[in-house]
Amino acid sequence: MNDFAKSALLPNGLRDILPLDAEYEADVVSRVTAHFAAQGYDRVKPPLIEFEDTLLDGAGAAMVKQCFRVMDPVTQRMMALRADMTPQVARIARTRLAGMPRPLRLSYAGQVLRVKGSQLRPERQFGQAGIELIGADCPEADAEVAILAAEALVALGVPGVSVDLSLPTLVPAILAGLDVADESLRSSLDHKDAAAVLALGGVAAPLLSALLKAAGPAERALDILNGLDLPAQAAAERDRLAKVVALIAQAAPDVTLTIDPVENRGFEYHTGISFTLFAQNISGELGRGGRYLAGGNEPATGATLFLDTVLAALPGPVTAKRTFVPAGAPRALAQALRAQGWITVAGLAPVADNAAEAKRLGCGHVLLADGIKSVE
């Protein structure tokens, strides 16, 4: 391998984002955070790295295996690079913003780094943008977060946005009520293995099989769930889900709603209604969210958008109007062009052919004595 190839080589899952993509990503982040800010979510900016024992406490424990760790040379304490921003926002809420009125609405955007990627998301570094609604435990809060996340995608132009709602605490509530507990059974439910569920479910098998069959469009799923004889706690969760579905459908009628009542993977630290965001003809999730406990005891719900997948769902950047301004041209002329929406690229020295120089520098236009001319 030559020196040039070595200098361009990056670790698996990491990449350089080049023009125009870097500018486009920045614009998408700006639009998403503006959408959240317009609805009362104040932005916070946590650090990239924290002490391990605080970053991985509470909800952060779910990311233990995904965090890079280093020793802090100052304190000699272990530190971890963030693999998810939600635990950091929860920490800010319970410490520096502990005295602020609840519910507390916070938003964030930044990069995260993970030890390894997944089959659907091989990237180990990617952008996140999201919101956290902390200090409220009601269906209206669950619905608000899901609605805002879905609306942010729709506003960006993502086609066919859908929200797949889940209840990761429903199956544990059913199994506890029926005195059934088996890790193999939980795994079979996660993998939608109907035969294994029948074999392992015991007295709960008919009910769990019905839950598997309920997965699908929200209206149909709720009809099936309403027909099931559930333990009291599970029934209460089902009723709350029905209310959240109604609130989302009313506020965002163009968003497709589905329900998977047994989905648990990726929602291990969630304590109630959760959801995943998808889009038409896009593999992988655009975001996810749900209810959890911030700081161990404060009710919270939030949503995170995965910007790499979001960007893949969009048509891509549009080349801006760029004009070459020859060396020596009055600066006021370039300022006037920028005020009209042009991007100006200034010449640093006189050249024989300004049109050719404009084309060489990637400009579609050139400023000449008689005005702006196209060079394409």
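Student: What counts as a helix or a strand in this chain?

Tutor: Both are DSSP runs numbered from the N terminus, helices being H or I over at least four residues and strands E over at least two. The model is predicted, so to speak "on paper", with local features needing pLDDT of at least 70 and side-chain atom pairs 80 or more, while totals for chains, interfaces and linings use all residues. Residues are numbered from 1 along each chain as its sequence is written, and side-chain values use heavy atoms, with hydrogens and water left out.

Student: OK, backbone then. Where does P103 lie?

Tutor: P103 sits in the loop that runs between helix 4 and strand 5 (104-113), and the peptide bond leading into P103 from R102 is cis, with omega near 0 degrees.

Student: And which bond joins P19 and L20?

Tutor: That one is a cis peptide bond too, its omega being about -5 degrees. L20 belongs to the loop between helix 1 (3-8) and helix 2. As background, most peptide bonds are trans, and most residues other than glycine have a negative phi.

Student: What about the phi of Q76?

Tutor: Q76 is not a glycine, yet its phi is positive, at about 65 degrees. Q76 is in the loop connecting strand 3 (69-71) with strand 4 (78-81).

Student: Changing topic: what lines the second largest pocket?

Tutor: P19 and L20 come up again there, alongside A22, E23, Y24, D27, P317, V318, T319, A320, R322 and I343. A pocket is an open set of points on a 1 Å grid over the protein atoms alone, with protein on both sides within 12 Å along at least five of seven lines, whereas in a cavity a 1.4 Å probe fits but cannot get out; lining residues have an atom within 4 Å of a point. Helix 2 provides the largest share of this pocket's lining, four residues.

Student: How big is its volume?

Tutor: The second largest pocket has a volume of about 250 Å³, a volume being the space filled by probe spheres set on grid points joined across faces, edges and corners.

Student: And the largest pocket, what is its volume?

Tutor: The volume of the largest pocket is about 1,200 Å³. Its lining numbers 43 residues, and R114, R121, G266, E285 and R288 are those nearest the centre. Two or more lining residues come from each of strand 6 (125-134), strand 7 (162-166), strand 10 (274-278), strand 11, strand 12 (298-306) and helix 12 (307-312).

Student: How do the residues of that lining divide by class?

Tutor: The lining of the largest pocket has 14 nonpolar, 15 polar and 14 charged residues, where Ala, Val, Leu, Ile, Met, Phe, Trp, Tyr, Cys and Pro count as nonpolar, Asp, Glu, Lys and Arg as charged, and the others, Gly among them, as polar. For the second largest pocket, the division is eight nonpolar, one polar and three charged.

Student: How many cavities are there of 30 Å³ or more?

Tutor: There are two cavities at that cut-off. The largest has a volume of about 40 Å³, and its lining consists of D57, G58, A59, G60, P87, A90, R94, Y292, L293, A294 and G295, with helix 4 (86-94) and strand 11 (287-294) each supplying at least two of the lining residues. Six of the residues lining the largest cavity are nonpolar, three polar and two charged.

Student: What lines the second largest cavity?

Tutor: The residues around that cavity are L55, L56, G60, M63, C67, R82, A83, D84 and P87, and its volume is about 30 Å³. By class, six of these lining residues are nonpolar, one is polar and two are charged.
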